[in-house]
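Subject: Structure for your review

Dear colleague,

Please find below the structure I agreed to pass on to you. My notes on what was found in it follow directly after.

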Amino acid sequence: MSSPDNSSKKEGGQAESLTERVWESQTGWIVRAREQGRLVVDFEGNTAGPLEARSTVELTPEELRTAIAGRRPVELRFENGDPHLPVVVGVAPVISLNDLLQNLTRPQEEEEGADGALSAEEEGVQIIQAKDEVIIQCGKASITLRRNGRIIIKGTYVETHAEGVNRIKGGSVQVN
């Protein structure tokens, strides 16, 4: 019998050795749902293939179909840091383009909705605020802004243009 520190079972039942613990949340997506509502998820960097996940989020059958079909981002945490034991702890809300445009064109005074999200315009600058995370998604492209300052830009092709200097600054910069 192997211990959880040495191996874990993939969805198909084969053992896969662990690489390293994952203590931070990870963005993934729901691949499919099994009977009894068990979700099968995947995420960037997952070498084990889609994994069965526990969930702390309740989804209606329609929400589940929409999440799978639209590959809506889900927030994953990992039981005991084990990358083979994902737990779905959040699902990105569906925000239509019309809703987003309405938020951008609200009156200039600051407004706070029932969910605590803020929108304000200060001196011609539009500010959209949320407590934990803002996700803008269209198909396979997304921009995620997180409370801790992390910004994630994902897409099948990412392009930048600048008439002036296109500068990349950071504590460290990794290319490939």
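Of the 176 residues in the protein, buried residues make up 24%. Please note that these values come from a predicted model. The exposed surface of the protein amounts to about 12900 Å², and carbon and sulfur atoms supply 49% of that area. The secondary structure comprises 2 helices and 13 strands. Among the contacts with a separation of 6 or more, 41% are between residues 24 or more positions apart.

The remaining notes concern the salt bridges, of which the structure holds 8.

One of them pairs R150 with E24, with 3.8 Å between the closest N and O atoms. R150 is located in the loop between β12 (141–146) and β13 (151–154), while E24 is in the loop between β2 (15–17) and β3 (26–33), so this salt bridge ties together parts that are 126 residues apart in sequence. Since a salt bridge requires a side-chain nitrogen of Lys or Arg within 4 Å of a carboxyl oxygen of Asp or Glu, the 3.8 Å separation of R150 and E24 satisfies the criterion. R150 counts as partly exposed, with a relative accessibility of 41%. E24, by contrast, counts as exposed, at 55% relative accessibility.

A further salt bridge links E79 and R54, whose closest N and O atoms are 3.2 Å apart. E79 belongs to the loop between β6 (73–78) and β7 (86–91), and R54 to strand β5 (residues 51–55); the pair therefore ties together parts that are 25 residues apart in sequence. Both residues are partly exposed: E79 has a relative accessibility of 32%, and R54 has a relative accessible area of 43%.

The salt bridge between R77 and E75 has its closest N and O atoms 3.0 Å apart. R77 is partly exposed at 41% relative accessibility, and E75 is likewise partly exposed, with a relative accessible area of 24%. Elsewhere, R34, R38 and E52 are joined into one network by salt bridges that share partners.

Which residue of the pair formed by R150 and E24 should one look up for an exposed side of the bridge? That residue is E24, which counts as exposed at 55% relative accessibility.

When you open the model, the pairs R150 and E24, E79 and R54, and R77 and E75 may serve as starting points, together with the network of R34, R38 and E52.

With kind regards

How values were computed. Residues are numbered from 1 along each chain as its sequence is written. This is a predicted model: local features need pLDDT of at least 70, side-chain atom pairs count only at pLDDT 80 or more; totals for chains, interfaces and linings use all residues. Side-chain values use heavy atoms; hydrogens and water are left out. Helices (H or I, at least four residues) and strands (E, at least two) are DSSP runs, numbered from the N terminus. Buried means under 20% relative accessible area, exposed over 50%, partly exposed in between (1.4 Å probe, protein chains only). Contact means heavy atoms within 4.5 Å. Accessible areas come from the Shrake-Rupley method with a 1.4 Å probe; for residues, only the protein chains shown count as cover.
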